[in-house]
Amino acid sequence: LELAKVQVEAGQEGDALATLQAAKSTDPALALVLRQRTAELQEANRRLSTLSTTDSLTGLANRRKFDEVWKTEWQRSVREGMPLAVIMLDVDFFKRYNDHCGHQAGDACLQQVAHILAAGVQRAGELVARYGGEEFVLVLPGARLGDAQASAERIRAAVQAAAIAHPASPLGPCVTVSVGFAADTPRLGEDPERLLRAADAALYQAKAQGRNCCCASPPTELAA
């Protein structure tokens, strides 16, 4: 059974189980121990996989997971001729929040915003992820521009309604978010980053218009 033990430690659980089947009749007790060890390692590997794609602060998907899902959904949209939408949002004046309230409070603020975003995911296949810093992103498979606009405004309103105190915001006493969104039907040969750039441009437009608002991607960005 030493071979099975080596296979388990090398992550070759399937091979180890086959070896155990062969050893079962000769030493059932040792085979049982190794089966238990295999199950434990499989669970540990599953947890490690989850940790590698989860943002440690917010519990949302991290940038790595977002990149994987975005690539998959883009390819699926191309294959099936389905629309695809993306929403990007930024916590308004978050640096001022950190400077005034401290980084621990800033982390708690991001966790609250993340909870609101996660609660707003309504359809199977949608993903919300922390894109970096105080920026978040949502993937909406099958959504058109009007769907994305409705989701964006719902999210913006939900964050404002949560009334998370922001003593340093020039917009008012509570945390708000600026939101940009874009939607299109991807076509074969197009760059998946194109739609992300369009949503990012819309986010900057929302900031330029005073923040705490939602903006759609300019048509010129989608055409680029």
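The following exercises, each with a worked solution, concern a predicted model of a protein chain.

**Exercise 1. Overall composition**

Determine how many helices and strands the protein chain has, and state the order in which they follow one another.

*Solution.* Begin with the count: the secondary structure comprises 9 helices and 5 strands. Next, read along the sequence, where the pattern is α-α-α-α-β-α-α-β-β-α-β-α-β-α. Finally, consider burial: of the 224 residues of the chain, 42% count as buried.

**Exercise 2. An aromatic pair between helix and strand**

Classify the arrangement of the rings of Phe66 and Tyr131, and state where in the chain the two residues lie.

*Solution.* The structure holds 4 aromatic pairs. In the pair examined here, the ring centres of Phe66 and Tyr131 are 5.5 Å apart and the planes meet at 85 degrees. Planes over 60 degrees apart count as edge-to-face, so the pair of Phe66 and Tyr131 is edge-to-face. Now locate the partners: Phe66 belongs to helix α4 (residues 63-80) and Tyr131 to strand β2 (residues 127-132). With these positions 65 residues apart, the pair links distant parts of the chain. Both Phe66 and Tyr131 are buried.

**Exercise 3. A pair within one helix**

Describe the geometry of the pair formed by Trp70 and Trp74, and name the cluster members.

*Solution.* The distance from centre to centre is 6.1 Å and the angle between the planes is 45 degrees, a pair that is tilted. Trp70 and Trp74 both lie in helix α4, 4 residues apart, or about one turn of the helix. Trp70 and Trp74 are both buried. One aromatic cluster is formed by Phe66, Trp70, Trp74 and Tyr131.

**Exercise 4. A proline beside the tryptophans**

Is Pro192 buried, partly exposed or exposed, and which residues does it contact?

*Solution.* First, place the residue: Pro192 is in the loop between β4 (177-184) and α8 (193-208). Its relative accessibility is 28%, so Pro192 counts as partly exposed. Beyond neighbours within four places in sequence, Pro192 is in contact with Trp70 and Trp74. Pro192 and Trp70 are 122 residues apart in sequence, yet their C-alpha atoms are 8.0 Å apart in space.

**Exercise 5. The cavity**

State how many cavities of 30 Å³ or more the structure has, and analyse the lining of the largest cavity.

*Solution.* The search finds 1 cavity of 30 Å³ or more. The space in the largest cavity is about 30 Å³. Its lining consists of Gly120, Val121, Glu126, Leu138, Leu140, Ser151, Arg154 and Ile155. Sorted by class, these are 4 nonpolar, 2 polar and 2 charged residues. Sorted by element, the largest share, 3 residues, comes from α7, while β3 (135-141) and α7 (145-161) each supply at least two.

Note on methods:
Residues are numbered from 1 along each chain as its sequence is written. This is a predicted model: local features need pLDDT of at least 70, side-chain atom pairs count only at pLDDT 80 or more; totals for chains, interfaces and linings use all residues. Side-chain values use heavy atoms; hydrogens and water are left out. Buried means under 20% relative accessible area, exposed over 50%, partly exposed in between (1.4 Å probe, protein chains only). Contact means heavy atoms within 4.5 Å. On a 1 Å grid over the protein atoms alone, a cavity is a set of points where a 1.4 Å probe fits but cannot get out, and a pocket is an open set with protein on both sides within 12 Å along at least five of seven lines; lining residues have an atom within 4 Å of a point. Grid points are joined across faces, edges and corners, and a volume is the space filled by probe spheres set on the points. Ala, Val, Leu, Ile, Met, Phe, Trp, Tyr, Cys and Pro count as nonpolar, Asp, Glu, Lys and Arg as charged, and the others, Gly among them, as polar. Rings of Phe, Tyr and Trp (its six-membered ring) pair if their centres lie within 6.5 Å; planes under 30 degrees apart count as stacked, over 60 as edge-to-face and the rest as tilted.
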